[in-house]
Amino acid sequence: VLGRYLLPPLGMHDDLKLRFTASGSDTSDDWYIDDVRVQAFESNALPWQDGFENGITLTLDWVSSDASATSDASNEPEGTMSARLVSQQAMASADTDVSNPPAAVWIRYRTQHQGVESGESLLVEYKTFAGDWLTLASVSSDGVDQSQFELHQVALPILGYGATTAVRFTAQGDESDDAWYIDDVAISSEFVVDEPQCPADLNGDGALNFFDVSAFLTAFNAM
């Protein structure tokens with residue numbers, strides 16, 4: 001498990017020391033620690049991914065963010081948290097170095113909109129090697145609240161390859177209840193294929209149980 005932490009201001013001095021302490025109860029409780037580094041942060045390595053389970057980490061994952069980490073979305077693709085953008089809020093990722101990738105690079109993200117009027121959208125941009133922001137995609141709302149996250153994967157354009165690749169999301173709404181939920185954001189050479197949803201999961205909660213039977217009977221009786 002990789003752990004990354006931003007050094008607090010009180011730790012920035014010329015006599016910095018780190019201490020690791022195991023809190024076990026017997027001699028078979030083993031912790032193995034490797035690759036310990038203290039260094040200036042320049043950019044993330046490929047692949048970079050954030051699922052917001054630890055909130056929104058500024059500097060290391062996001063250079064700027066108006067978003068809030070929340071569990072308000074429905075049926076999270078992983079964990080319980082996602083990022084929430086409303087009205088015209090935006091968030092921009094920290095740089096990822098893709099100057100020498102092993103394969104084609106994809107920008108991945110999952111979205112869910114709630115309370116967003118038809119025609120309003122979420123703008124997705126990427127940063128070029130020259131530092132300019134260009135449109136990667138635009139996700140439009142149909143006005144119907146979503147109960148599932150929608151997977152998006154877009155090939156990184158050639159102008160995005162470099163040491164300072166980044167992605168930015170901007171909500172293009174006009175009200176505080178125009179909510180876009182974003183999760184599983186990644187800059188990666190991996191192309192993800194979701195397993196098909198189960199047709200019998202009528203209420204979309206990821207489980208087959210009495211509630212699906214109840215949903216079927218309700219729909220049948222309404223015919």
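Helices, as runs of at least four residues, and strands, as runs of at least two, were taken from DSSP and numbered from the N terminus. On this basis, the protein chain of the predicted model contains 1 helix and 13 strands. The order of these elements from the N terminus is β-β-β-β-β-β-β-β-β-β-β-β-β-α, so that the helix follows the strands.

The C-alpha atoms of the chain occupy a box of roughly 75 × 55 × 35 Å along the principal axes. Of its 223 residues, 35% are classed as buried. The accessible surface amounts to about 13,700 Å², and carbon and sulfur atoms account for 53% of this area. Among contacts between residues at least 6 apart in sequence, 76% connect residues that are at least 24 apart.

An open sheet is built from 5 strands in the order 3-6-12-9-10, with antiparallel pairing. The edges of this sheet are held by strand 3 (62–65) and strand 10 (133–140); each has a single partner strand, and therefore one side of each lacks a neighbour in the sheet. From one strand to the next, the twist averages 15 degrees. Strands of a sheet pair through backbone hydrogen bonds, in either a parallel or an antiparallel sense. Within the present sheet, strand 6 (residues 90–93) and strand 12 (residues 167–172) are joined by 3 bridges in the antiparallel sense. In this part of the model, Ala92 lies opposite Arg168 of strand 12.

The loop between strand 11 (150–155) and strand 12 contains Gly160. This glycine is counted as buried because its relative accessibility is 0%, where the class requires a value under 20%. With residues up to four places away in sequence left aside, Gly160 contacts Val98, Tyr126, Lys127, Thr128 and Thr165. One of these contacts, Lys127, is separated from Gly160 by 33 residues in sequence, while the C-alpha atoms of Gly160 and Lys127 are 6.0 Å apart.

A nonpolar patch is found on the surface, formed by Leu7, Met12, Leu16, Leu18, Phe20, Ile33, Val36 and Val38. Together these residues present about 750 Å² of accessible area. One member of the patch, Val36, is located in the segment before strand 1 (44–45). Val36 is classed as partly exposed because its relative accessible area is 47%, a value to be read against the limits of 20% for buried and 50% for exposed residues.

Notes
Residues numbered from 1 in each chain as written. Predicted model: local features only at pLDDT ≥ 70, side-chain atom pairs only at ≥ 80, totals over all residues. Heavy atoms only, no water. Patch = residues over 30% accessible without salt bridge, like charges linked within 9 Å, V, L, I, M, F, W, Y side chains within 5 Å. Areas by Shrake-Rupley, 256 points an atom, 1.4 Å probe, with all protein chains shown as cover. Salt bridge = Lys/Arg side-chain N within 4 Å of Asp/Glu carboxyl O. Buried < 20%, exposed > 50% of the residue type's maximum accessible area, 1.4 Å probe, protein only. Pairing = 2+ DSSP bridges. Axes fitted to C-alpha atoms, helices over the stretch in contact; angles between N-to-C directions. Contact = heavy atoms within 4.5 Å.
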